[in-house]
Amino acid sequence: MKLILVIDNLSDIVFNTNGLSIFHCNVRSINLHFNEFLVYLNSIPHTFDLIILTETWLSVNLNFNINVYKTYHSLGFLNKSDEIILAINNFLMGIDSYLSDISINDKVIICGDMSINILDKSSEVSNYLNITASYNFISCIDSYTRVTETSMSCIDHIFIRNIDISKPNSFVIKTDITSLKAKEPNSSKISKTESETVNNTLRQGLKTYNT
C-alpha cells in the first residue's frame, strides 16, 4: 500500500472505484464551514462511500444535506469537540445488500431511527419500503414517531419477518425522553394482511411478542 502524506489536490488521485473510499475532515464548526466544505467536496471528481466530519460543534439538531448522502450526527454533550457527522452514500443499496445476506428462514426484527420519513411521498421512501417488502418484512406500526413544533414525521421504524403477525402488539409511548410529545400511548393488535401492513407508515414503539 502506497501512503501519501501530503497532497495539494485530490483531483490528482486515481481512486479505486471497486474499493471503499472514506473522506474525513476536522471541520471545526459545521455552521461556519459547511458551504466551504460543499464547494471543496464538489471539486473532487469522486463520490466517497463514507464522509466523516469531526468537531462539528453542534449543540442543537440541524439538518445538513450533502448531495446524495444520508447524514447522521451527534451533539456535543461533553465538549464542543465530541460531535460528529456521518454521511453515507448508497444507504438503500447498503440495506438491500445486508438483507440479502440474511437467511430467508431466520426470524428477524429491524428497528431504529432510519432518518427516512415514510410519511413523505418520495422516491426514497418508495424504494425503502419496496426493499423491505421484497424480503418479506412487515411493518408493525403506522403513526408519527417524532413530533416537534414545526413538523411531524415517522422516522423510527419496526419491521418483522417470520414472526406470527397475530402475536405482536405495538405501542407509541409519550415520554420526554424522546421527541414524541404530542401523542398519548396507543396500542393496536396487528390484524391486517401482509400487503396492507407493508405499505403502512411506521412508528417507534414497544413491541412484545411470543414466538
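User: In this predicted model, is F48 buried or exposed?

Analyst: The cut-off for a buried residue is under 20% relative accessible area. F48 has a relative accessible area of 3%, so F48 is buried.

User: Which residue in strand β1 forms an aromatic pair with F48, the residue in the loop between α1 and β2?

Analyst: The two rings of this pair are 5.3 Å apart, centre to centre, with 45 degrees between the planes, and the pair is tilted. The pair links distant parts of the chain, 25 residues apart. The partner of F48 in strand β1 is F23.

User: What is the relative accessible area of F23?

Analyst: A residue counts as buried under 20%. F23 is buried because its relative accessible area is 9%.

User: How many aromatic pairs does the structure hold, and which residue of helix α1 pairs with F23?

Analyst: The structure holds four aromatic pairs. In one of them, F23 and a ring of helix α1 are tilted, 6.1 Å centre to centre with 45 degrees between the planes. The two residues are 14 residues apart in the chain, and both are buried. The residue of helix α1 is F37.

User: Which residues form one aromatic cluster?

Analyst: F23 pairs with F37 and also with F48. With Y40 added, the cluster is F23, F37, Y40 and F48.

User: Where does helix α1 bend?

Analyst: Helix α1 covers residues 30-42. Its buried residues are I30, F34, F37, L38 and L41, and what covers them includes β1, β2 and β4. The bend is about 30 degrees, at E36.

Key:
Residues are numbered from 1 along each chain as its sequence is written. This is a predicted model: local features need pLDDT of at least 70, side-chain atom pairs count only at pLDDT 80 or more; totals for chains, interfaces and linings use all residues. Side-chain values use heavy atoms; hydrogens and water are left out. The bend at a residue is the angle between axes fitted to the seven residues ending there and the seven starting there. Helices (H or I, at least four residues) and strands (E, at least two) are DSSP runs, numbered from the N terminus. Buried means under 20% relative accessible area, exposed over 50%, partly exposed in between (1.4 Å probe, protein chains only). Contact means heavy atoms within 4.5 Å. Rings of Phe, Tyr and Trp (its six-membered ring) pair if their centres lie within 6.5 Å; planes under 30 degrees apart count as stacked, over 60 as edge-to-face and the rest as tilted.
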